[in-house]
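User: Can you walk me through this one? Start with whatever term I need for the burial calls.
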Amino acid sequence: MSEAIYSADTKKKAFAADGVEILFFTIGDKTYGVEIEFVKEIISIEQITVVPKIPDYIKGVINIRGKVVPVISVRKRFGMEEIPYDDRTCIIVLEFENGEQVGIIVDRVQEVVVVDKTIISKTPDCKNVNSNRYIKSIINSEDNIKLLLDCTKLIMN
């Protein structure tokens, strides 16, 4: 049974009065974010049922309150080495406009922050710089650069 660490009671808008609401998490030593409007809930890692003959980045499926939800390893999707799960490994359940839900496995969930739109920039057009098609924007905060993921491309492509 899934234990919800975070649950969105109502659909949230991605844009707050002065910025974009983003859930930040880490994969290795890099910080990534997803717009909070896509986040349905965050659950602790649980038993994943393996499904044969699917892409290797799809770990399998889980049952969340009677709904079968596919789970993707962000590490594997990015071509990174897998690491053993620990007590901080989480599944962020994303929900799209059509009601489809997909879980993404992340190393650590950090925080939800309202990010000022002025520090969010588009990725460079140069193919060598933006060869990772899953990155939607770059957030240049005072402490470091964070990458905002394009949830649809991460899941669908």
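Analyst: Buried here means under 20% relative accessible area, exposed means over 50%, and partly exposed is in between. Note that this is a predicted model.

User: OK. Where does Glu 41 sit, and is Glu 41 buried or exposed?
Analyst: Glu 41 is in strand β5. Its relative accessibility is 1%, and the cut-off for buried is under 20%, so Glu 41 counts as buried.

User: What does the side chain of Glu 41 contact?
Analyst: The side chains of Glu 41 and Arg 65 are joined by a polar contact of 2.5 Å. The pair is also a salt bridge, with 2.5 Å between the closest N and O atoms. Glu 41 is in β5 (residues 39–44) and Arg 65 is in the loop between β6 (58–64) and β7 (67–73), so the bridge ties together parts 24 residues apart in sequence.

User: And Arg 65, buried or exposed?
Analyst: Exposed: Arg 65 has 55% relative accessibility. The bridge therefore pairs a buried Glu 41 with an exposed Arg 65.

User: How many salt bridges are there in the structure?
Analyst: Seven. Among them is one between the side chains of Lys 136 and Glu 35, at 3.1 Å from N to O. That pair links distant parts of the chain, with Lys 136 in strand β12 (residues 135–140) and Glu 35 in strand β4 (residues 30–35), 101 residues apart.

User: How exposed are Lys 136 and Glu 35?
Analyst: Lys 136 is partly exposed, with a relative accessible area of 36%. Glu 35 is buried, with a relative accessible area of 6%.

User: What about Asp 107, which residue does its side chain meet in a salt bridge?
Analyst: Arg 75, at 2.9 Å from N to O. Asp 107 is in the loop between β9 (101–106) and β10 (108–116), while Arg 75 is in helix α1 (residues 74–77); the two are 32 residues apart. Asp 107 and Arg 75 are both buried.

User: Back to the strands. What does β4 pair with, and in which direction?
Analyst: β4 is joined to strand β13 (residues 145–149) by two bridges, and the two strands run parallel. Gly 33 is opposite Leu 148 in β13.

User: And β12 with β13, how many bridges?
Analyst: Five, and β12 and β13 run antiparallel. Asn 140 has Ile 145 in β13 as its bridge partner. β12 and β13 form a hairpin, with four residues between them. To put that together, β13 has a parallel partner in β4 and an antiparallel one in β12, and a salt bridge joins Lys 136 and Glu 35, which lie in β12 and β4.

User: Different topic. How many disulfides?
Analyst: Zero, from a search of the whole structure. Two cysteines that can be described are Cys 90, buried at 8% relative accessible area, and Cys 151, buried at 2%.

User: Now the overall picture: how many helices and strands, and how much is buried?
Analyst: The protein chain has two helices and 13 strands. Of its 157 residues, 42% count as buried. The accessible surface comes to about 9,000 Å², and carbon and sulfur atoms account for 50% of that.

User: What share of the contacts is long-range, say 24 or more positions apart?
Analyst: 56%, taken over the contacts in the protein chain with a separation of 6 or more.

How values were computed:
Residues numbered from 1 in each chain as written. Predicted model: local features only at pLDDT ≥ 70, side-chain atom pairs only at ≥ 80, totals over all residues. Heavy atoms only, no water. Buried < 20%, exposed > 50% of the residue type's maximum accessible area, 1.4 Å probe, protein only. Contact = heavy atoms within 4.5 Å. Areas by Shrake-Rupley, 256 points an atom, 1.4 Å probe, with all protein chains shown as cover. Disulfide = S-S within 2.5 Å. Salt bridge = Lys/Arg side-chain N within 4 Å of Asp/Glu carboxyl O. Polar contact = N/O pair within 3.5 Å; in protein donor to acceptor, adjacent residues only side chain to side chain. Pairing = 2+ DSSP bridges.
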